[in-house]
Amino acid sequence: MNYNKSKKLICIAIVIVLLISSTVATNKTVYAKAKKLKLSVTSISVAVSKNATVKVTGSYKIKVKNPKKKIIKVSVKGKKITIKGLKEGSAKLTVKGYKNGKLKAKSIVKVNVIKGSVTETDPAIQPTVAPSPAATPSTETAPSPTQAPASTQPDTPAPTVNPVVTPTITPGQPSEDTIAFDAGEYSLNKVHSGEGTFYDPQAGGAASLDDYALAHNFYTAAMNNEDYKNGLAGAYVEITDKDGDKINVLIADRLPGGAKGDIDLTRTAFNVIEPEVTGRMDITWKIIPLPTDEPIQIKWKEGSTQYWCGIQIRNNRYPVSKLEYWNNSTSSYVELNREEYNYYIADKLFVGYSSCRLRITDFYGHSIIEDVPIPAEAAPAAGIIVTGKTNFPY
């Protein structure tokens, strides 16, 4: 009798052990199946009192564990996680995605809170670009005007442009006069619409500005063919996606197959405002001033001499509508033709001269005049950059 009772107890114990083992195994299996949650970024920097956004890919209910509530504040709305910097420091957020009450995916976001603004090298937030004090890449030569050969301009002086007087404005913001200027479809108050996509640049951009963009940490994009050929090579534009997220980009390339209004962002730029899985999205965009307080730059293309030269305008606050040179024979300015690769060509126009006078006009009626030394010998492969005296007013 006692033997049967002991046998029964042993059987019960075995059943209990099996049930416990099954439960543990099941929990381990669920945990093992929790895949990595896809996020727009997994490491970000945010300034104190500023916000950064992380987007989640997939249809999950999102929960975020924030162990450093004194450093960052976190809020979740749908698939968008907003992170606000409270004070300097770092934190790790655990982001979990649930379906039907079960954990299905998770990931970690590293957050660095810094004092002041965050530059464009931080890929998760709206970039604020600070102009580089060294505007000329080290591989290029920027001759000083005082070292240039003596000018052979004739005695007849070229006409001067009266200084443009603008009202007091907020630094970096267009003046009332610039906003009010009628530049047709490219007026500053015009908002364009199209589709945004992304690509990986395989070679130099059509606008020949890759070195400049790299030196100044600008995000770049390719503009559709029609808008590009209307003079937007080198323009600085603000793009807004369907969720209201924004990014500023330099137009450094051309999108041959896009419809009017379309912009093809580099993969890096696209990831700032939208996960790659989106692929294609509706966008709006508008022209904004390039964030620089430095003068414009005039670049002589490689091989340029007095007999043939290519001239590029860069670091210009607004898009250039035309470039003219002072013709000594007619005592007037003559417009130069602009090529698709964003250089203005002067063929046998400066023979016998050591310098030339250029008038540069932007889309909004601002003109500046620069006297520029012409390369005495063929410009090297990196070209020659001459820093001007001023830039277009805001």
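## Helix α4 and its surroundings

In this predicted model, helix α4, which spans residues 225-232, has as its buried residues Asn225, Asp227, Tyr228, Gly231 and Leu232. An α-helix has 3.6 residues a turn, so residues three or four places apart point the same way. The cover over the buried residues of α4 includes several strands, namely β10 (220-224), β12 (246-255), β14 (281-287), β17 (320-327) and β19 (337-338). After α4 comes Gly234, a residue whose phi is positive, near 90 degrees.

## A nonpolar patch at the surface

Elsewhere in the chain, Tyr307, Trp308, Tyr341 and Val351 together make a nonpolar surface patch of about 360 Å². One of these residues, Val351, is placed in the loop that runs between β20 (344-347) and β21 (355-362). Val351 has a relative accessible area of 40% and is therefore classed as partly exposed, because that class covers values between the 20% limit for buried residues and the 50% limit for exposed ones.

## The chain as a whole

The secondary structure of the chain consists of five helices and 23 strands, and 45% of its 394 residues count as buried. When contacts between residues at least 6 apart in sequence are considered, 72% of them join residues that are at least 24 apart. The area that the chain exposes comes to about 20,500 Å², of which 53% is supplied by carbon and sulfur atoms.

Key. Residues numbered from 1 in each chain as written. Predicted model: local features only at pLDDT ≥ 70, side-chain atom pairs only at ≥ 80, totals over all residues. Heavy atoms only, no water. Buried < 20%, exposed > 50% of the residue type's maximum accessible area, 1.4 Å probe, protein only. Helix = DSSP H or I, 4+ residues; strand = E, 2+ residues; numbered from the N terminus. Contact = heavy atoms within 4.5 Å. Patch = residues over 30% accessible without salt bridge, like charges linked within 9 Å, V, L, I, M, F, W, Y side chains within 5 Å. Areas by Shrake-Rupley, 256 points an atom, 1.4 Å probe, with all protein chains shown as cover. Salt bridge = Lys/Arg side-chain N within 4 Å of Asp/Glu carboxyl O.
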